[in-house]
Amino acid sequence: MFTGLVETTGKVVSLEPRGESARLTLNVGAMAAELADGESVAVNGCCLTVTQKDAAAQTACFDLLMQTLRVTSLGDLQTGSLVNLERAMSIGARFGGHFVQGHVDATVNVVDWSEHGQDHRLEVALPAEHRGLIIPKGSICLDGISLTAAEVTDSSVVCWIIPHTFQLTNLHTKKPGDRLNVEFDMLGKYVRELMRAMK
């Protein structure tokens with residue numbers, strides 16, 4: 001379980017195809033010394049398992065299944081790409097974001113990414129099958145970042161990005177047309193399924 005509060009960014013060292021899977025190697029900086037094999041890390045909002053780490057080289061490796069490559073945008077990564085990183089929640093820590101499982105629901109395309117004074121406006125298209133899972137002032141997780149939906153239409157959602165988030169995450173590398181991983185609010189998904197079951 002995660003909170004959507006990105007701790008730091010990492011840089012892609014390699015994304016190596018391995019038959020029906022792939023191995024992702026990241027430079028995770030000082031975080032490498034704190035990681036353990038088998039630990040869960042949210043990489044651009046996708047919960048991955050550390051399969052190997054090298055504290056001296058500051059790297060960590062993750063094995064990606066074909067399903068992960070198909071459902072997320074991780075397959076788009078190139079050497080040098082920045083990714084958002086968050087370790088799993090620890091009991092007793094402050095909870096500042098929202099409940100994020102690291103289970104990506106879909107990918108969404110950036111429609112608008114524009115500067116407005118010190119802030120930035122991020123608009124992403126909503127997949128038709130997931131409309132209704134986001135409400136104004138509700139939570140949404142984009143590339144592992146817990147954000148508030150400022151505006152919601154039938155086809156898109158707008159989030160406003162403060163300077164802190166812009167600087168700490170990989171959002172400053174994005175442009176219109178780029179794909180982001182999206183995880184919708186867990187409560188909304190349960191309510192939708194409950195309503196379907198009651199019909």
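Trp113 is buried at 13% relative accessibility, where buried means under 20% relative accessible area, exposed over 50% and partly exposed in between, computed with a 1.4 Å probe on protein chains only. The model is predicted, so that local features need pLDDT of at least 70 and side-chain atom pairs count only at pLDDT 80 or more, while totals for chains, interfaces and linings use all residues. Residues are numbered from 1 along each chain as its sequence is written, and side-chain values use heavy atoms, with hydrogens and water left out.

## Aromatic pair

The structure holds one aromatic pair. Its members are Trp113 and Phe166, in a tilted arrangement with 6.0 Å centre to centre and 35° between the planes. Rings of Phe, Tyr and Trp (its six-membered ring) pair if their centres lie within 6.5 Å; planes under 30 degrees apart count as stacked, over 60 as edge-to-face and the rest as tilted. Because Trp113 belongs to strand β7 and Phe166 to helix α2, the pair ties together parts that are 53 residues apart in sequence. Phe166 is partly exposed, with a relative accessible area of 22%. Helices (H or I, at least four residues) and strands (E, at least two) are DSSP runs, numbered from the N terminus.

## Sheets

Two strands pair if DSSP finds at least two bridges between them. Six strands close into a barrel in the order β1-β2-β5-β4-β3-β6, with antiparallel pairing. From one strand to the next, the twist averages 45°; axes are lines fitted to C-alpha atoms, for helices over the stretch in contact, and angles run from 0 to 180 degrees between N-to-C directions. Strands β1 (residues 8–18) and β6 (residues 82–87) run antiparallel and are joined by four bridges. Thr9 stands opposite Asn84 in β6.

Seven strands form an open sheet in the order β10-β9-β13-β7-β8-β12-β11, again with antiparallel pairing. Its edge strands are β10 and β11 (151–152), each of which pairs on one side only. Four bridges link the antiparallel strands β9 (residues 139–142) and β10 (residues 145–148). Across these strands, Ile140 stands opposite Leu147 in β10, and Leu142 stands opposite Ile145 in β10. The hairpin of β9 and β10 has two residues between the strands, and Asp143 there takes a positive phi near 50°.

## Nonpolar cores

A nonpolar core is a set of buried Ala, Val, Leu, Ile, Met, Phe, Trp, Tyr and Cys residues joined through side-chain atoms within 4.5 Å. The largest such core has 22 residues, and those with the most contacts inside it are Leu122, Val124, Ile140, Leu142 and Leu147. Two or more residues each come from β7 (106–116), β8, β9, β10, β12 (156–161) and β13. Strand β7 gives the most, with four residues. Apart from this core lies another, of 20 residues, among them Leu35, Val43, Cys46 and Leu85.

Contact means heavy atoms within 4.5 Å. Not counting residues up to four places away in sequence, Leu122 touches residues including Trp113, Leu142, Leu147, Leu171 and Leu180.

## Loop residues

The following table lists loop positions and their accessibility.

| Residue | Loop | Relative accessibility |
|---|---|---|
| Leu74 | between α1 (66–71) and β6 | 0%, buried |
| Lys137 | between β8 (119–125) and β9 | 65%, exposed |
| Asp143 | between β9 and β10 | 0%, buried |
| Thr169 | between α2 (163–168) and β13 (179–184) | 2%, buried |

Lys137 has a positive phi of about 75° although it is not a glycine. Asp143, likewise not a glycine, has a positive phi of about 50°.

Leaving aside neighbours within four places in sequence, Leu74 is in contact with Leu15, Val43, Asn44, Cys46, Leu48, Leu64, Thr68 and Asn181. The C-alpha atoms of Leu74 and Leu180 are separated by 9.2 Å, although the two residues are 106 residues apart along the chain.

With the same exclusion of neighbours within four places, Thr169 is in contact with Val6, Thr9, Asn84 and Ile145. A polar atom of the Thr169 side chain lies 3.2 Å from the backbone nitrogen of Leu171. A polar contact is a pair of N or O atoms within 3.5 Å; within protein, one must be able to donate a hydrogen and the other to accept it, and residues adjacent in sequence count only if both atoms are side-chain atoms.
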